[in-house]
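User: I am new to this protein and would like to be guided through its structure by question and answer. Please begin with any term that I shall need.

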Amino acid sequence: MSLHLFMSAGRGPRECAWALARLLRRLEADAARRGLATRRVQIVPGDRPDAYRSVLLHLSGAGAEAFAASWTGTLCWQAPSPYRAGTGRKNWYVIARPCPVDAPATTFAEADVDTVACRAGGPGGQHRNKASTAVRAIHRPSGIVVVVDTERQFSLNRRIAMRLLRQRIEDGDEAARRAVTTARWHIHDEIVRGDPVRVERPDPSGRGVVPQRARRRRTTGRVRSAD
């Protein structure tokens, strides 16, 4: 089982990008303890060192889907700001959502196309009006239909119909890919400030990330680290 998890600091202050980097490392350590593999597919850095505006993470292994679900939603890194000593704020929010990274491409094969001869309409002489030279082509997997009657020969109209079908399928695939990318970037605006599904804190010993000991609240479903 494998999937992609998109993490974003949204439009929050630079501390949110700093928090994302730390939450990412906490998540990766948690995944490693569960025998899951992680890979950073894409990173958008913040304006300070060791800070990320967004990260696209690939998760793979048994239980990857359930693990991703436990990290899905608003996440909170609870620690003082490393940039503004005077601020009393300690909660920095990011969001994590599973997401597709690409739309599947449609394979075009002429064997998947049904062609039917039909009569061409309009001016063009007696042969054009009486002979079935026009082509109605249906691509069965997608349901796309084209009708071509520009030529006087059936074979030429069929060739044009195949070309039109292929182009429409390619255009549809490209539109689907753009929609996937747009949906991923809309995640930036989905952060809810407050009511996080997880609250993580730095290790007080200063030794870095330690094994997480989490408890789940029955009333809210939140997970809080006991580090």
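Analyst: A residue is called buried when its relative accessible area is under 20%, exposed when that area is over 50%, and partly exposed in between. The model discussed here is a predicted one. With these limits, D50, at a relative accessible area of 33%, is partly exposed.

User: How many helices and strands are there in the protein, and what percentage of its residues count as buried?

Analyst: The protein contains four helices and 11 strands. Its exposed surface comes to about 12200 Å², with carbon and sulfur atoms supplying 51% of that area. Of its 227 residues, the portion that counts as buried is 39%.

User: Among contacts between residues at least 6 apart in sequence, what percentage join residues at least 24 apart?

Analyst: One pair of residues distant in sequence is R198 and W77, which are 121 residues apart along the chain but 8.6 Å apart in space, C-alpha to C-alpha. For the protein, among contacts between residues at least 6 apart, the percentage joining residues at least 24 apart is 62%.

User: Which element gives the most residues to the largest nonpolar core?

Analyst: In general, nonpolar side chains in soluble globular proteins tend to be buried together. The largest nonpolar core here has 30 residues, of which M7, L27 and L59 touch the most other members. At least two residues of this core come from each of β1 (2-8), α1, β3, α2 (64-70), β4 and β5. The element that gives the most, with 10 residues, is α1.

User: Which residues does M7 touch, not counting those up to four places away in sequence?

Analyst: M7 is one of the residues that touch the most other members of the largest nonpolar core. Leaving out residues up to four places away in sequence, M7 touches L20, L23, L24, L27, R53, S54, V55, L75, I95 and A96.

User: How many residues are in the other core, which lies apart from the largest one?

Analyst: The largest core has 30 residues. The other core lies apart from it and includes V113, A137, M162 and I169; its number of residues is 11.

User: Which parts does the salt bridge of E15 and R84 tie together, and how many residues apart are they in sequence?

Analyst: This pair belongs to a structure that holds 15 salt bridges. The closest N and O atoms of E15 and R84 are 2.7 Å apart. E15 is buried at a relative accessible area of 1%, whereas R84 is partly exposed at 38%. Because E15 lies in helix α1 (residues 14-33) and R84 in the loop between β4 (73-78) and β5 (91-98), the pair ties together parts whose separation in sequence is 69 residues.

User: Where does D50 lie, and what is its phi?

Analyst: D50 forms a salt bridge with R22, their closest N and O atoms being 2.8 Å apart. R22 lies in helix α1 and D50 in the loop between β2 (37-45) and β3 (52-60), so the pair ties together parts 28 residues apart in sequence. Most residues other than glycine have a negative phi. D50 is not a glycine, yet its phi is positive, at about 55 degrees.

User: Is R198 buried or exposed, and which residues join it in a network of salt bridges?

Analyst: R198, in strand β9 (residues 198-200), has a relative accessible area of 5% and is therefore buried. Its side chain reaches the backbone oxygen of S70 at 3.1 Å. The side chains of R198 and E200 meet in a salt bridge with an N to O distance of 3.3 Å, and E200 is buried at 0%. Salt bridges with shared partners join R198 into one network with R26, D30, R33, R34 and E200.

User: How many disulfides does the structure hold, and how far from C76 is the nearest cysteine sulfur?

Analyst: A disulfide needs two cysteine sulfur atoms within 2.5 Å, and the structure holds zero disulfides. C76 is in none, the nearest cysteine sulfur being that of C16, at a distance of 9.3 Å.

User: Which of the words buried or partly exposed applies to C76, and which to C118?

Analyst: The relative accessible area of C76 is 2%, so C76 is buried. For C118 the relative accessible area is 24%, and the word that applies is partly exposed.

Definitions and conventions. Residues are numbered from 1 along each chain as its sequence is written. This is a predicted model: local features need pLDDT of at least 70, side-chain atom pairs count only at pLDDT 80 or more; totals for chains, interfaces and linings use all residues. Side-chain values use heavy atoms; hydrogens and water are left out. A salt bridge is a side-chain nitrogen of Lys or Arg within 4 Å of a carboxyl oxygen of Asp or Glu. Buried means under 20% relative accessible area, exposed over 50%, partly exposed in between (1.4 Å probe, protein chains only). A nonpolar core is a set of buried Ala, Val, Leu, Ile, Met, Phe, Trp, Tyr and Cys residues joined through side-chain atoms within 4.5 Å. Contact means heavy atoms within 4.5 Å. Accessible areas come from the Shrake-Rupley method with a 1.4 Å probe; for residues, only the protein chains shown count as cover. A polar contact is a pair of N or O atoms within 3.5 Å; within protein, one must be able to donate a hydrogen and the other to accept it, and residues adjacent in sequence count only if both atoms are side-chain atoms.
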